[in-house]
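Please look through the sequence and the model below before reading on. The paragraphs that follow go from single residues to paired rings and then to neighbouring strands.

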Amino acid sequence: MSADFAPINLTNHFLIAMPGLSDALFGRSVVFMCEHSERGALGLVINKPSDIRLPRLFEKIDLPMGRVDLQDTPVFQGGPVQTERGFVLHEAIDSAEGESIYASTLAIPGGLEMTTSKDVLEAMSSGAGPRRVLVTLGYASWAQGQLESEITENSWLTVAADPAVIFDAPVNERYERAMALLGLQPWMLSPDAG
């Protein structure tokens, strides 16, 4: 990374694709940033549902779907990396010791966690688990300095994340609602940099 860049940390922020970003996966996407450091960044696309629903995913991993509230919930295309692997974004659930109750969990400042271990799915299959979840296959990642470069090239807008956009907004409204956090609407922005 160039010394010209001031260090930024976009953990617990949304990356909102600029209208000119025409990539098939990232066009009109909203990415929740799970981790961002000088080494790089990792996020999950929260508004690109796949054609798979959670009950089908659970069937593929030989688990019953024990949550009636999640029967019609889509599995999202979280990004182009490790698309065969599941990632569960959810509200933090701590043990009595103050640690996550799931084996492989990244605590994200702001009250969310991302779990990659099967135990969170097992909890959901038994009717328990986190109340609000977003399940993706795959994730998005950026190498050291790559995200900062894309931001300066006018590919992304950034704003502090709002869990209501992730868990409460209808999927087809998440892009506009994330933009609204900045006081913008997509039509206000030019698709061209300059």
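In this predicted model, the loop that runs between helix H1 (54–60) and strand S5 (74–77) contains Asp 62. The phi angle of Asp 62 is near 60°, which is a positive value in a residue other than glycine. With a relative accessibility of 70%, Asp 62 counts as exposed, because the cut-off for that class is over 50%. A positive phi is also found at Asn 12, where the angle is about 65° although the residue is not a glycine. Asn 12 belongs to the segment before strand S1 (13–17).

From the backbone we can turn to the aromatic side chains, among which five pairs are counted. One of them joins Phe 26 and Trp 142, whose ring centres are 6.3 Å apart and whose planes meet at 45°, so that the pair is classed as tilted. Because Phe 26 sits in the loop between S1 and strand S2 (30–37), while Trp 142 is part of strand S9 (residues 133–143), this pair ties together parts of the structure that are 116 residues apart in sequence. Phe 26 has a relative accessible area of 14% and is therefore buried, and Trp 142, at 6% relative accessibility, counts as buried as well, since the class takes in values under 20%.

Trp 142 also forms an aromatic pair with Trp 156, and here the arrangement is edge-to-face, with 6.2 Å from centre to centre and 85° between the planes. As Trp 142 lies in strand S9 and Trp 156 in strand S10 (residues 156–160), the pair ties together parts that are 14 residues apart in sequence. Both Trp 142 and Trp 156 are buried. Phe 26, Trp 142 and Trp 156 can accordingly be followed in the model as one aromatic cluster.

The last stop is strand S2, in which seven of the eight residues are buried, so the strand is largely enclosed by the rest of the structure. How does S2 pair with S1, in the parallel or the antiparallel sense? The pairing of S1 and S2 is antiparallel and extends over three bridges, and within it Leu 15 has Val 31 of S2 as its bridge partner. S2 is also joined to strand S3 (residues 40–45), again in an antiparallel run, by six bridges, and there Met 33 has Gly 43 of S3 as its bridge partner. With two residues between them, S2 and S3 form a hairpin.

Definitions and conventions:
Residues are numbered from 1 along each chain as its sequence is written. This is a predicted model: local features need pLDDT of at least 70, side-chain atom pairs count only at pLDDT 80 or more; totals for chains, interfaces and linings use all residues. Side-chain values use heavy atoms; hydrogens and water are left out. Helices (H or I, at least four residues) and strands (E, at least two) are DSSP runs, numbered from the N terminus. Buried means under 20% relative accessible area, exposed over 50%, partly exposed in between (1.4 Å probe, protein chains only). Rings of Phe, Tyr and Trp (its six-membered ring) pair if their centres lie within 6.5 Å; planes under 30 degrees apart count as stacked, over 60 as edge-to-face and the rest as tilted. Two strands pair if DSSP finds at least two bridges between them.
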